2 protein chains.
Amino acid sequence: MKRFELLANTMADEIRSGSRPVGSRMPSVRQLTTQHGVSQSTVFRAYYQLEEWGLIRARERSGYYVAPGAALKQEAAPRAPLAVESAKVEISDLVFSVLEAARHIDVVPLGSAFPSPQLFPLQRLAKSLGHSSRLISPWSTVVDLPPGNEALRRQISLRYLGMGIAQPMDELVVTNGALEALNLCLMAVTRPGDVVAIESPGFYAALQAIERLDLRAVEIPVDPESGVDLQALQEAFERHPIKACWFMTSFQNPTGAGMPQDRKQALVDLLAEHDVPLIEDDVYGELHHAATHPLPAKAFDTKGLVMHCSSFSKTLAPGYRIGWVAAGRFAQKVQRLKLMTTLSASIPAQAAIADYLQHGGYDKHLRKLRGAFRTQLAAMDAALRRYLPDGTHWTLPSGGYFLWLQLPPQVDAMQLHRLAIESGIGIAPGPIFSARHEFRHHVRLNFGHPWSDGMESAVKTLGSLIGQASS
Amino acid sequence: MKRFELLANTMADEIRSGSRPVGSRMPSVRQLTTQHGVSQSTVFRAYYQLEEWGLIRARERSGYYVAPGAALKQEAAPRAPLAVESAKVEISDLVFSVLEAARHIDVVPLGSAFPSPQLFPLQRLAKSLGHSSRLISPWSTVVDLPPGNEALRRQISLRYLGMGIAQPMDELVVTNGALEALNLCLMAVTRPGDVVAIESPGFYAALQAIERLDLRAVEIPVDPESGVDLQALQEAFERHPIKACWFMTSFQNPTGAGMPQDRKQALVDLLAEHDVPLIEDDVYGELHHAATHPLPAKAFDTKGLVMHCSSFSKTLAPGYRIGWVAAGRFAQKVQRLKLMTTLSASIPAQAAIADYLQHGGYDKHLRKLRGAFRTQLAAMDAALRRYLPDGTHWTLPSGGYFLWLQLPPQVDAMQLHRLAIESGIGIAPGPIFSARHEFRHHVRLNFGHPWSDGMESAVKTLGSLIGQASS
């Protein structure tokens with residue numbers, strides 16, 4: 001157990017035992033650092049944890065107090081607070097209100113889910129598109145129906161081979177981006193009312209899918225450094241009839257967390273033991289900042305339980321809407337769901353990407369793209385250090401283009417989002433990544449865009465908004 | 001009531017009253033034509049109706065007998081047999097087994113759902129694709145998110161205007177073909193367990209969607225000449241809590257039926273009276289054989305209750321997967337479902353079709369295409385007359401490229417499908433168009449392919465298969 005967890009548990013016990021009554025003020029950060037010999041950051045994380053358990057509440061400019069409902073919550077609380085109850089999810093309105101506010105082209109895209117399209121070889125892709133569509137057989141509308149264009153699936157299969165994974169082509173289903181793949185996989189293995197394990201914080205599309213399909217979610221905590229908490233997952237398996245997991249194992253959205261390889265192996269073992277399928281969202285796997293590609297959990301899967309979903313939308317061709325799933329034993333079911341709902345991915349787009357993968361220099365482009373993200377992360381890190389007030393924390397991710405910012409406890413992420421939008425800056429506030437609208441003191445920042453004066457100035461503005469809110 | 005319905009009801013009464021006991025042989029077709037002064041075709045339709053009510057059964061080469069379950073069924077049967085009970089739907093396995101059998105390129109495509117791709121201006125489209133993808137803004141991946149590419153929606157809106165329909169652009173959502181539009185609309189207005197009115201026979205994708213979403217279906221009979229039976233629909237509204245209708249009002253799949261304009265108006269009035277939304281599948285509307293475009297039901301909708309779905313897949317660009325819905329008051333909900341499930345239609349494909357609509361000569365192409373279908377229908381009609389045995393009937397549709405064939409009562413459509421596939425010929429057997437696997441003596445034939453010796457010979461083979469099965 002980490003230091004902040006120890007501290008949080010200690011204080012939770014004090015609240016539960018009644019030695020800290022409802023309405024009483026919690027000790028100041030300074031008091032606790034001295035008393036427990038821990039860093040300010042540890043205290044803040046402990047307080048966030050208590051707040052997320054519903055045991056304490058922040059009052060603006062005044063600190064934390066034991067929450068009114070804490071007594072009730074203590075009785076209802078599970079013995080192990082990390083393995084939470086499954087819950088119905090209502091997230092879409094919140095997510096859409098945030099996304100729509102940030103959708104104007106002149107909003108600084110720190111809240112965007114996409115990297116800059118200017119980093120992609122769009123002209124080279126247009127050449128592949130023109131070339132392949134002139135050569136395309138009229139019969140491709142029959143032949144390229146799901147599972148999809150054969151040349152494309154061969155290229156994708158070769159990329160798996162490059163990671164040392166022998167991926168049969170007939171388990172690959174081409175989809176309209178990874179988002180469709182993820183949704184089809186979830187439909188393939190669940191029925192309304194089923195329980196699904198997701199990450200907390202996690203990609204809001206998982207929450208939306210769960211809401212849309214009338215499923216229930218069990219949220220498994222994600223550590224920004226080591227990823228999904230396997231202990232909590234194990235406990236969740238024991239307590240809930242979990243029908244599927246939906247996890248992002250490399251460069252997780254929003255935390256940037258990557259599970260170390262041995263933990264991915266352990267995850268797959270745990271799944272096999274409980275015979276639970278994993279929907280593995282791996283859209284950022286290719287965007288490693290270090291030299292080597294992290295293996296996905298799929299690499300350790302010997303039972304066909306892992307449905308590995310990815311796409312070209314974040315690495316090559318946003319807007320083409322070409323993704324895929326290596327669906328293991330669920331391939332036929334996914335393929336049929338695809339035929340029933342959207343029939344097929346756009347056939348010229350499939351052919352264009354197949355052509356590009358074969359002739360366009362994808363690996364060279366990826367190396368360049370990874371370099372750009374490394375540079376942009378360094379620039380953002382420097383700007384954050386320059387402009388953000390004390391009490392703001394972040395971990396540098398080792399891949400992808402998201403950075404998970406922990407705000408001072410007085411700063412509400414939703415309010416910061418509203419203030420930022422008024423200043424023409426998009427950010428992705430923590431509550432959109434949680435079924436229960438937690439992470440009220442976190443925001444996700446996007447460093448997928450070339451650094452510019454506008455970005456620098458946006459971070460500066462963000463810094464003063466945070467400063468004002470926390471003072 | 002039509003003649004065959006009168007006859008069917010008379011015989012149903014005889015069975016119910018016990019004057020025709022279980023297991024007894026029904027009169028021959030010849031006997032009944034003489035006795036009632038009706039045509040053979042009327043007798044056959046009456047027998048199909050009785051069979052579909054479960055009151056009689058065909059025995060091969062021997063005629064019809066009162067069904068073993070008829071006594072039981074009589075008690076359970078609703079007073080008005082046309083407004084059937086709502087039912088759970090289990091159709092997918094049957095549909096997929098039929099579709100997969102016919103998916104080989106060397107199978108004669110009489111069972112195909114698509115017209116020949118060789119009738120489409122694929123080279124001109126490739127030009128639009130190359131042109132527009134070179135000019136495309138990198139930011140289109142943000143700007144062209146749902147509702148979709150603005151130039152494309154403007155062109156679609158102009159086509160509505162050409163029919164005299166003022167369609168606001170902001171109610172248009174671009175989708176991955178009409179199939180996605182239909183599915184999104186159904187999701188937008190239903191929850192698991194809800195009852196939906198569909199056509200019988202009807203497009204199997206509606207049945208699959210209902211099965212997938214755990215809905216219940218009430219089947220409304222379709223007359224090959226006048227379309228959906230409004231009397232039956234009215235009764236269904238009174239007896240079931242219907243949440244939505246999914247109908248194809250022009251050149252219906254599989255019957256080719258088109259509702260006359262005044263009946264479309266009456267349909268919309270009925271929907272408004274009961275405040276029930278209509279998902280209008282209009283993918284064949286542009287394929288009228290006569291000079292003028294039939295108005296969709298959408299043209300009469302003043303309350304935003306009609307979601308008008310169409311695409312370019314059957315008229316211009318199969319495989320591009322670009323469709324749309326004019327979703328009325330449900331536009332925002334549909335748009336959000338689109339964002340949640342597949343995010344966006346392929347952006348180069350949207351741009352290409354926008355460019356083609358503006359510069360490619362769509363109307364000229366459509367005139368040519370309609371001419372081809374007229375010619376091909378004439379050729380198929382002549383071949384059917386030449387080779388099909390007596391007792392086979394069909395109605396010539398006034399649009400689209402499907403012909404609904406009524407087989408002699410001894411011929412089972414599923415068996416004919418299996419025999420035809422063995423001879424390298426695809427047909428679409430009636431049961432895939434029905435929640436309860438009815439229409440066992442119907443098949444849908446496709447005349448969307450240029451007539452050829454291969455087609456001629458396939459119809460000849462089909463004729464002898466039918467002849468053998470019916471003799």
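This is a short working chat about the predicted model above.

Q: What kind of model is this, and what are the ground rules?
A: The model is predicted: local features need pLDDT of at least 70, side-chain atom pairs count only at pLDDT 80 or more, and totals for chains, interfaces and linings use all residues. Residues are numbered from 1 along each chain as its sequence is written, chains are lettered from A and ligands numbered from 1 in the order in which they are written, and side-chain values use heavy atoms, with hydrogens and water left out.

Q: How many residues does each chain put into the contact?
A: Chain A gives 54 residues and chain B gives 54 residues. Contact means heavy atoms within 4.5 Å.

Q: What area is buried there?
A: About 4,800 Å², with 62% from carbon and sulfur atoms. Buried area is the accessible area (1.4 Å probe) that two parts lose on being put together, summed over both.

Q: Which three residues of chain B supply more than any other three?
A: B:Arg103, B:Trp139 and B:Met340, with 15% of the area that chain B buries against chain A.

Q: How many salt bridges between the chains?
A: Four. A salt bridge is a side-chain nitrogen of Lys or Arg within 4 Å of a carboxyl oxygen of Asp or Glu. The side chains of A:Asp93 and B:Arg336 form a salt bridge at 2.8 Å, N to O.

Q: Which helix gives the largest share of the side of chain B that touches chain A?
A: H6(B), with seven residues. Helices (H or I, at least four residues) and strands (E, at least two) are DSSP runs, numbered from the N terminus.

Q: New topic. Is A:His449 buried or exposed?
A: Buried, at a relative accessible area of 6%. Buried means under 20% relative accessible area, exposed over 50%, partly exposed in between (1.4 Å probe, protein chains only).

Q: What does A:His449 touch?
A: Leaving out residues up to four places away in sequence, its contacts include A:Phe114, A:Gln376, A:Met455 and B:Trp139. B:Trp139 is also one of the three residues named above for chain B's buried area.

Q: Where is a cis peptide bond in chain A?
A: Between A:Pro146 and A:Pro147, with omega about 10°. A:Pro147 is in the loop between helix H7 (140-143) and helix H8 (150-162) of chain A.

Q: And in chain B, which peptide bond is cis?
A: The one from B:Ser200 to B:Pro201, omega near 0°.

Q: What is phi at A:Asp275?
A: Near 55°, a positive value in a residue other than glycine. A:Asp275 is partly exposed, at 48%.
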